[in-house]
There are 2 protein chains.
Amino acid sequence: MTGNPRTEDAAPVRRIDHVAIAAHDADAAAQYYEGTLGMRRVRDEEVAGTGSRLVWLEPVGMPVGGARFQIVQPLRDGPVAEFLARRGEGLHHVCFAVDDAAAFLAARGEEGSALFTGGFGLPCAFLGSAPEGMAVEIVGPAPGA
Amino acid sequence: MTGNPRTEDAAPVRRIDHVAIAAHDADAAAQYYEGTLGMRRVRDEEVAGTGSRLVWLEPVGMPVGGARFQIVQPLRDGPVAEFLARRGEGLHHVCFAVDDAAAFLAARGEEGSALFTGGFGLPCAFLGSAPEGMAVEIVGPAPGA
C-alpha cells in the first residue's frame, strides 16, 4: 500500500472544514479558545435535528479555506451526551468539506450514513465507515468547499 | 463573558495547522483516509525528539491555509503510547499555527510548556494550559502561518 489516491476520484474530500470538541457547557469551554488562544466566536446556534448547540470559533484573520473550530454542547440525550459520559470533554470529530454530501455517500456506497442538516444549515453526514474510535463527518455543498 | 477577543493580541493563533489522530500502525490507519476519503500522503517522517512517526495527509488540491491531517504512531514509550493504551486509536490533538512559538509561550506566560522540534522540522509546543482532556499544540514560524 503506497497510499496513492485514486487518479479519477468522483467525490474526494476538498479540505478540513472543522475540528470539533464536545463540552458540557460551550460558553465555559469557549473561554480558553477565545481568551488564551485569541480566537473569535463567529456563530452560536442550536441544531434542532441533532439536539445540540454549536459554537463556532475562528482564528482572527483566518485564511480562506482554513478550518474552523467547533464546540458541540448536547441539549438532550444522544450520541454527544453519551460521548461526554463515556470519555469526558475533548476532541469529538473532524469534518471534511465535500462537493455534495449526498453524492459522496452514493459514490462511497455509504447510503446507510444518514444525511442531516447541521451547522450553518448545511447538509452533513457522519460516515458509518469511519474507523473504530473515530467520528468523521462530511459537509457539502458548503461555501468555499 | 461575551467571547470578544483581545483587541491588541501580541501573539494570536493564525489558523488550524493540523488535526492529529494517534494510531498503533500509521500505514494501517492511513488506508481509510487515503482510500475511502481520497487524501494523499505528503510526508512520512520520524521525529527523533518525540520518538514518533508522523504521516501527513492532505486533501488533493487543498487550499493554501487549509489544515492537514496527521497520523501519529509512537515508536517508543511516552505520552502517545500512553494515550493509545488508555483511550485507543482516535483523535489526539489539534495544532494551531502561530507566528513564533517561543514568543507565543512568553506572551501567554507558558514558559513551562517545552518547545521541541516537531514535524517538518518546525518549532512546536504542547500548551500546559490546555483544558483537561485536550491536547493543544502550537507550531511556528511555519510556512503559510
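1. Buried here means under 20% relative accessible area and exposed means over 50%, with partly exposed in between (1.4 Å probe, protein chains only). Helices (H or I, at least four residues) and strands (E, at least two) are DSSP runs, numbered from the N terminus. On that footing, P79(B), A85(B) and R86(B) are exposed on one side of α2(B).

2. Scope. This is a predicted model: local features need pLDDT of at least 70, side-chain atom pairs count only at pLDDT 80 or more, and totals for chains, interfaces and linings use all residues. Residues are numbered from 1 along each chain as its sequence is written, chains are lettered from A and ligands numbered from 1 in the order in which they are written, and side-chain values use heavy atoms, leaving out hydrogens and water.

3. The other side of α2(B). In this helix, residues 79–87, V80(B), F83(B) and L84(B) are buried. They sit on the same side of α2(B) because they cover an arc of only 95° around the axis, the arc being that of the directions from the helix axis to the C-beta atoms. An α-helix has 3.6 residues a turn, so residues three or four places apart point the same way. The cover over the buried residues includes β1, β4 and β5 of chain B. After α2(B) comes G88(B), with a positive phi near 80°.

4. Helix α1(A). Residues 26–36 of chain A form this helix, and its buried residues include A26(A), Y32(A) and E34(A). The buried residues pack against β1, β2, β3 and β4 of chain A, together with β8 (136–139) of chain B. At the N-terminal end, D25(A) is the cap: a side-chain oxygen lies 2.9 Å from the backbone nitrogen of D27(A). G38(A) follows α1(A), and its phi is positive, near 75°.

5. Interface extent. Contact (heavy atoms within 4.5 Å) links 53 residues of chain B with 53 residues of chain A. The two chains bury about 4000 Å² between them, 64% of it on carbon and sulfur atoms. Buried area is the accessible area (1.4 Å probe) that two parts lose on being put together, summed over both. Y32(B), L37(B) and L91(B) supply 15% of what chain B buries against chain A, more than any other three residues.

6. Interface chemistry. There are 0 salt bridges between chain B and chain A, taking a side-chain nitrogen of Lys or Arg within 4 Å of a carboxyl oxygen of Asp or Glu as the criterion.

How values were computed. Polar contact = N/O pair within 3.5 Å; in protein donor to acceptor, adjacent residues only side chain to side chain.
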